[in-house]
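Hi everyone, thanks for coming. Today I'd like to walk you through one structure, looking at its empty spaces and at a place where two chains meet.

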Amino acid sequence: MVTTSCGMCYGTCTVNVRVEDGVVVGIEGVPDSPQGYGNICAKGLSSLMMLYDPSRLNYPLLRTNPEKGIGVDPGWKRISWNEAMDLLTSKLGECLKKDPRGLYTVGSPTFPAERAFNVLCFRKAFGTPNYYTGGGGLHCGNGAHMIGGIYHASWSVIPDFKYCNMAIYWGCSKGHGAGHAANVAAKQAADAKARGMRLIVFDPFLSTQASTAEEWVPIKAGTDAAAALAMANLLLSEYSAYDKEYIKWKTNGPYLVAPDGLYRRDKKSGVPLVWNIIDKKVEPFNSENVKDCALEGEFDVDGTKCTPSFQLLRNHLKKYTPEHASEICGVSASTLRRIAKDFGEEARIGSTISIDGKTLPYRPVASIYFRGSQGHYNQAWDCMSLVLLNHLVGSADVPGGALAFGPPVHLGYPGTGRLKYSVEPDKDGLLVAKNWPYAHLPYPPPEPKDPPERLDLQDMFYIPTYTTIMAWDNNEELWQKFKIPYRPDVMISFATNQIMSVGNPKTLMKNFLQKFGFIASFNIYSTEFEESAADLVLPDACYLERYSSATTFPTVGVSCHGTGLGEWIWAIRQPVIKPMYERRPMIDVILELSERLGLRDRYIEAAREWVNRAYGGDLDFKKVLDPKEKLNFERMLDIIMKDRFGPDKGLDYFKEHGYLKWDKRVEEVYWRAFNDVRVPVYLEWIIRAGRKSRAIAEKYGVPDLVDWSAHNALPEWRPCPTHTEKNPEYDLEAFYWRSALHTYSMTMQNPWLNEVSQNDPYTYTIQLNTETANRKGVKEGDLVWLENSKGSKAKGRVHITDGIRPDHVAIAANAGHWSKGMPIAKDKGVFFNELIEIDKEHTCPVSLGQDICVKVKLYKDGGDRSG
Amino acid sequence: MSQSTSSSQGDACVLQQEDFKPGARTQMEWGFGGRRRWRDGALLMALFLGGVGAGQFVVSTWLIDSVTSALVGLLVVGVGKTVAHLMYLGQPKRFYRLFLKPKTSWISRGLIFMVVFVAFGAAYLAPDIGFDWVPWETGSTFSDALLIGAILSASLVMVYDGFVLASCKSITAWNTALMPPLFFTYAVAGGTAMTYLTLIAMGSDIPNEDTLTTIDSVLLVSMFALLVIYVMNMKTSTATARESLRKLTTTKVAVAFIGVAIIAGLLVPLSLTLYQGVAATETVASVLLALSSILELSGDLSVRHSILRAGLHAPVFSEGL
Amino acid sequence: MVRWGMVIDLKRCTGCHSCSVACKVEHHTPPGVFWAKVVRIESGKYPTVIRQAVPLLCMHCREPECEKVCPTGATKKQPDGRVTVDSDECVGCRYCAVACPYGARCFAPDWKDYFTGDKKPSSPYAEYSKKKWLEESDKGVVSKCDFCEERVEQGKQPACVNACPCEARTFGDLDDPESEVSQLIKKRRGMQLHPEYGTDASVYYLPAR
């Protein structure tokens, strides 16, 4: 029996894996672990089938067909690891000499801990700024993470299941199978619903969470912000249900804004000003004298009429009447009113609760969003509008409210006091996260690069995540204009299938992947990506065959801790059997490559920086490692563990126990009340940051790079391209959802999951409303085409249901494989990405995330109906 | 892009397995097999052969007194039905276990009836088919007793499968008192048809032809009546029964049920029977008789097939929960 | 005497199929054989639609139809309330599978590999699975849930109960009025499926709404 962390999604539940005579024969949860409470999902249980899949890559493969492309046979030839390493070293060596920035690195979001050492540290050591998360723009969240970072110092929010009485879900599934602490949240959500938590789900289709909710509100895709802004307006204007104290002291609501849209600042200290109501004068927001401040009114500051930003928000929201929103989102005004009223009342503004002897605000309501609500052109403002509801009633990171997911505060492991970090205010008093796994912190915005250095131009913006600009049709023109001196040269990919997970595969292939001279991919299957684009394929070890540092700890990027009080856990991933055949954990290859390329010291330095940024502290590998010592991952893990948990808790301890846990504290879970940080109800800094990015774009002759008018301070609803489609022929809005049976495309090759997916009416089908189906003469099981106005098509079988809006069709993501290397996944389900474009029109101008809804027409396949 | 075609679902992919569909669930084990192995079709043949074989024996001994035809009937049951059953079983070597629970299981009972029937039937026929060393003669009281035993057990063989199906509580299309009479009537009619065919093949005259024709017509009319009652019953019964009816009348099964069982197997033979009386020559009459017998037999097979196919379990979970 | 039973809380269940797969890990069932499964019920007209996942397994009835119709005696009622199939006695006639109102029984003509569909195992694990399956359930016979006899004997919970992420399942003694299952049935109005058939199932469902 080996205790390790499941790797079938980023929920990373602690599991006991049973090995008999060298064969892995069983897997179970570990009841004592707060990571899953001993429960385990279908994906985790199916690990065995992934480990022993005869389609797994077992040997390095080299492309013999010089032609690349979708559907082109790569003509794989088995080579030895020596040959593979020589080839890789020479290609990377050349790139290093020419321009290291020509190296493009891509890593899977499913294994954040592995990704850190496999990709992020190597990228840094190599000296390239270029990095993308496989499916980052598509499946993850630019808008969601950005807004989560700004408002909660975390990449997402989740209800405080223990105390929450009313949760509104906007296109998210927390606690219903999503990867976010999947099994922990599933139990907590079930407990909450059993306790009587009301769940209200806004979603175009009757998702799992909607079907178990008290109320399903069928909303048009991409219109969440319109509904939420109307509700915010109602809370402020009609129901007066907002937490004045919270807005005064925990937001920038009282900050005075001049007519130019920017804060009016104190001349001496440079900090924003507020109106001191008691002394009737303007003062710095952080002045001790300010015992009460104005949220409304107009105040004269040195002859300029300034307004508290809350007043601006309030005025701005007036135009979002429920009637107006109703026309946009297809939800009746009375429903919006009723839900807003309930939300305001249930928030119990002013009430408190005592937990562990600490008196805290009690706001048992939460407005929760994730993937679904942010898959739109307006995603940054969509997410902001949704999270705003929490910040109006003061239900952020207090008992019962919307809690940061991947808690931003940890006061240290009790045994050593290490692993300590917390949030802090910047000079404007706004919340700064102290740990963030991506390029830079979500706030404050970094100085944009002039000219940008990255191929996706991400570094000339302030977004803390990724973009797909590198695959736009005009990428070459952009690179020339921005004087980017290098071009795509070598790519290293860790466990991604970019063909299936970035957007339209044709576009990505043509505009981007074809431009690389050499692509090396570490993976467990030969996916569509390897077959279409890779030159060298290296057989990675799967999660049961390798080590990983902390799979659970918040700062790794994807926290798996349950919400609320309980226990923290540091869990490792360790091999339960030796890698079979010639499979090798990618990290071993990367460490060897670093040595071969003479990057050993730079790798150690990058690892030091990452470990300390992610886990806090001042660990220095150089001080521990002998300069002549060959890099070894187990050794590095041992150093990290001992540094955090003491000399008796090195790797050996974790190999034996699998994990270490300790109690959470009230100050960590409900951190907002204990930290003097504010969040913006008025995003003044976006005006400033947007201007800087715009100036760079204008300087290099690309003034229309994005729609700069969206770089504003107040939330707005803006239509997606689907909302403005004029051709009545394209009458259905297609969107995708994530089935709890799968983790992106990786699990589609698993025969157990495939079998239950086939038995499930939704995972492999196109869900179509009964009435719409009747109107179109479509029957259950019919083979139909969905086609967008650009002629891109996807084919699949129809499942007729009343659980979807009549004007929408829903498709589960990442199905519809065709690669020979994934025979089980082949021809199952619908490949939705075929329909979505990678271009400016489908890119959020603020967060640069992708819009993934599409207007389609639906027609029957010419062939006979069968099956 | 060319991949868009190959990336979508191939026709080989089963959309959903029937077991997992909401609502009524088709029984997949009997008649055509959940795993769709051809051997699974053998069960239908076992039911069919048991019914018509036993029927033939009864008709041949009771009404016609044809030893050959009775022997054929006996063999159809003793060999045909037995082989079909063995082919269907997952573990045929353990077939003897099928007899172990007559107290509660209709399969045990039916197979015991079958063994008893084959034993009595064989004993009764023995003196006439060359086993003249047996210590009884045809026509003796003992032989008559054997015959009564054989006919009684044959009748049970003809009716038991109706009880087998009727015992399935959740399959509303089966769980009806109509099943035993329906199967019995079909067995008699099938037996009559088999008898005709045997005699025609032997080139012998058909004794009691008028009586037989009358019986046949009565049987055809009553089978039709039973089917009408059966269908009407389903129409006014539960949603599952209505779904079964829909299957019987509007899907592929309708070809077997309406096309073969009702039209070809009932209405055509009925009109042929009427026409046969006024047929110009005896040859024409016997060709017509052969034709209508074949049609009746195919109707018999089809009705059993259709009823098996229409076997839908009531949803495990009633709606609205 | 103990009478084992299970309570499934439909309010908690999200239909994630963990039970279906946990059962596969535990009992090595080949393709197409599901001792535990999930069906989805949908009723109503848009937008007033109810969709419910209903996990199914053998109901271990007190008056089992399967046991009544079984001609061989392979299906047995155990003193502890479980209904079992003795794979050495079953002939594979499938009467039980047809008579069971709950679709709990599966017939597998032969073991098959999940990846290749062959009778030859494609990996060491498949080989192990095949061996276990043939030992425990055998080919050419009917098999079904046995409430994880081996696990329960060792004092563990059945595999599906153990795995369920939503903790929707509770296993225990129906004859003990103080047991968690009895209490749940009493307090939450637990219901059996198809009580009208008189099967007196040992699996109870707690209503979602």
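**Spaces and an interface**

Let's start inside. This is a predicted model, and in it the lining of the second largest cavity is made up of 11 nonpolar, 12 polar and 2 charged residues. That cavity holds about 290 Å³ of space. Which residues come closest to its centre? Among the 25 that line the second largest cavity, they are A:Ser108, A:Ala495, A:Thr496, A:Asn497 and A:Met746.

How do we find such gaps at all? Rolling a probe the size of a water molecule over the atoms shows where empty space is left.

Now on to the largest cavity, with a volume of about 640 Å³. Here 42 residues form the lining, and those nearest the centre are A:Gly171, A:Arg371, A:Gly372, A:Trp737 and A:Arg738. Two elements of chain A, α8 (208-211) and β30 (732-737), each give two or more residues to this lining. The top contributor is β30(A), with 3 residues. By class, the largest cavity is lined by 18 nonpolar, 17 polar and 7 charged residues.

Next, a pocket. The second largest pocket contains about 920 Å³ of space. It is lined by 42 residues, and C:Glu26, C:His27, C:Glu136, C:Glu150 and C:Arg151 sit closest to its centre. Which chains supply elements with at least two residues each in this lining? Chain A brings β2 (14-20) and β3 (23-29), while the elements from chain C include α1 (18-27) and α4 (124-136). The second largest pocket's lining splits into 15 nonpolar, 12 polar and 15 charged residues.

Finally, let's see where chain B meets chain C. On the chain B side, 42 residues are in contact with 49 residues of chain C. The size of an interface is often given as the accessible area lost when the parts come together. For chains B and C, the buried area is about 3800 Å², with carbon and sulfur atoms giving 57% of it.

How many salt bridges cross this interface? The rule finds 3 between chain B and chain C. One to look for on the screen joins the side chains of B:Arg94 and C:Asp138, at 3.8 Å from N to O. There are also 25 residue pairs in polar contact between the two chains. On chain B, the elements giving two or more residues to the side that touches chain C are α4 (106-125) and α5 (141-166). Of the elements, α4(B) gives the most, with 3 residues. That side of chain B divides into 21 nonpolar, 10 polar and 11 charged residues.

Thanks for listening!

Note on methods:
Residues are numbered from 1 along each chain as its sequence is written. Chains are lettered from A and ligands numbered from 1 in the order in which they are written. This is a predicted model: local features need pLDDT of at least 70, side-chain atom pairs count only at pLDDT 80 or more; totals for chains, interfaces and linings use all residues. Side-chain values use heavy atoms; hydrogens and water are left out. Contact means heavy atoms within 4.5 Å. Buried area is the accessible area (1.4 Å probe) that two parts lose on being put together, summed over both. A salt bridge is a side-chain nitrogen of Lys or Arg within 4 Å of a carboxyl oxygen of Asp or Glu. A polar contact is a pair of N or O atoms within 3.5 Å; within protein, one must be able to donate a hydrogen and the other to accept it, and residues adjacent in sequence count only if both atoms are side-chain atoms. Helices (H or I, at least four residues) and strands (E, at least two) are DSSP runs, numbered from the N terminus. Ala, Val, Leu, Ile, Met, Phe, Trp, Tyr, Cys and Pro count as nonpolar, Asp, Glu, Lys and Arg as charged, and the others, Gly among them, as polar. On a 1 Å grid over the protein atoms alone, a cavity is a set of points where a 1.4 Å probe fits but cannot get out, and a pocket is an open set with protein on both sides within 12 Å along at least five of seven lines; lining residues have an atom within 4 Å of a point. Grid points are joined across faces, edges and corners, and a volume is the space filled by probe spheres set on the points.
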